[in-house]
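Reader: I should like a close look at the sheet in this model and at the parts that surround it. Please give the criteria behind each term as you go.

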Amino acid sequence: MLVSPSILNCDYTHLEEVVRFVENSHADMIHLDVMDGVFVPNLSFGPPVIAALRPLTDLTFDVHLMMQHPDRLIQAFADAGADIINFHVESAANIPETIAAIKALGKKAALTVKPNTPAEAVFPYLDELALVLVMTVEPGFGGQAFMADMLPKVTAIKAECARRGLDVAVQVDGGVAADTAPLCADAGVDIVVAGSALFKAARPAELVEQFHSL
Ligand code: DX5
Ligand code: ZN
């Protein structure tokens, strides 16, 4: 599995060191959690912070938009340097138009499902997506417990992609750690997001290597 570290719970006074930490862990990308205080009960950062990080690294920016009107800011996130622009199927956006806008800007489009949303909600859009994210916690906060009962959604999305001959990566986000990552691998997950487990690890590169080997 590939690894996308979430910096949501990082030390915001030293963002450049946070980027170096992610690079030194040999992770594959960096997961940037954007929250608007409306779609989720928390507020994080937006395009200016992402733009400030962009010159610091060549890592792929995996931008997870937990916001009510992602369609209004697609251009801003593209300009800020996002590579993957991922929005929620439950948000107020016109989904086909928003996916088209992301792709027209040369970015990879992704859709996310919250725990109470079935896997089938993304099926109509799979042909246009690079990635589907299955939340394994209620979005809003890092450090929550992994919901293993979300993994059948991963299996269902992988099976539907195989049936239709589509190459769509499936990612999970929330509560991924040394004990829960093997369950993700067994379900067919391609990319794990890891926040607190990685930032608290005594040897982050070893944890990433462990995830890579699964
Ligand atoms: C939750 C965010 C996650 C989260 C992951 O709303 O989307 O990316 O920060 O953090 P951990 O790995 O600590 O659950
Ligand atoms: Zn996230």
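Author: The following account begins with the conventions and then takes up the sheet, its inner strands, the pocket and a few single residues.

This is a predicted model, in which local features need pLDDT of at least 70 and side-chain atom pairs count only at pLDDT 80 or more, while totals for chains, interfaces and linings use all residues. Residues are numbered from 1 along each chain as its sequence is written, chains are lettered from A and ligands numbered from 1 in the order in which they are written, and side-chain values use heavy atoms, with hydrogens and water left out.

The sheet is open and has 8 strands, in the order 1-8-7-6-5-4-3-2, with parallel pairing. Strands (E, at least two residues) and helices (H or I, at least four) are DSSP runs numbered from the N terminus, and two strands pair if DSSP finds at least two bridges between them. Strand 1 (2-5) and strand 2 (29-35) are the edges; each has a single partner strand, so one side of each is left without a neighbour in the sheet. On average, neighbouring strands of this sheet are turned by 25° against each other, direction ignored. Helix 8 (residues 204-213) packs on the sheet, where it touches strand 1 and strand 8 (191-194), and its direction makes about 140° with that of strand 1. For such values, axes are lines fitted to C-alpha atoms, for helices over the stretch in contact, and angles run from 0 to 180 degrees between N-to-C directions; contact means heavy atoms within 4.5 Å.

Several pairings can be described in detail. Strand 3 and strand 4 run parallel and are joined by 4 bridges, with F87 in strand 4 as the bridge partner of L65. Strand 5 (residues 108-113) pairs with strand 6 (residues 131-135) in the parallel sense, over 4 bridges, and here L111 stands opposite V132 of strand 6. Strand 6 in turn pairs with strand 7 in the parallel sense over 5 bridges, L131 standing opposite A169 in strand 7.

Two of these strands deserve attention for their burial, where buried means under 20% relative accessible area, exposed over 50% and partly exposed in between (1.4 Å probe, protein chains only). In strand 4 (residues 84-88), 5 of the 5 residues are buried, so this strand is largely enclosed by the rest of the structure. In a regular strand the side chains alternate between the two faces of the sheet. Accordingly ordered, I84, N86 and H88 point one way from strand 4 and I85 and F87 the other way, and all are buried. Strand 7 (residues 169-173) also has 5 of its 5 residues buried, so it is largely enclosed by the rest of the structure. Its two faces are both covered, with A169, Q171 and D173 buried on one side and V170 and V172 on the other.

D173 of strand 7 leads to the largest pocket: F141, G142, G143, D173 and G174 lie nearest the centre among its 26 lining residues. The volume of this pocket is about 300 Å³. A pocket is found on a 1 Å grid over the protein atoms alone, as an open set of points where a 1.4 Å probe fits, with protein on both sides within 12 Å along at least five of seven lines; lining residues have an atom within 4 Å of a point. Grid points are joined across faces, edges and corners, and the volume is the space filled by probe spheres set on the points. Strand 2, strand 3 (60-66), strand 8 and helix 7 (196-200) each supply at least two residues of the lining; the largest share, 3 residues, comes from helix 7. By class, the lining has 13 nonpolar, 11 polar and 2 charged residues, counting Ala, Val, Leu, Ile, Met, Phe, Trp, Tyr, Cys and Pro as nonpolar, Asp, Glu, Lys and Arg as charged, and the others, Gly among them, as polar.

Two buried residues also touch D173. T136, in the loop between strand 6 and helix 5 (151-164), has 0% relative accessibility and therefore counts as buried. Beyond its neighbours within four places in sequence, T136 is in contact with A145, F146, M147, M150, V172, D173 and G174. V193, in strand 8, is buried with a relative accessible area of 2%. Not counting residues up to four places away in sequence, V193 touches S4, S6, H31, Q171, V172, D173, G174 and V176.
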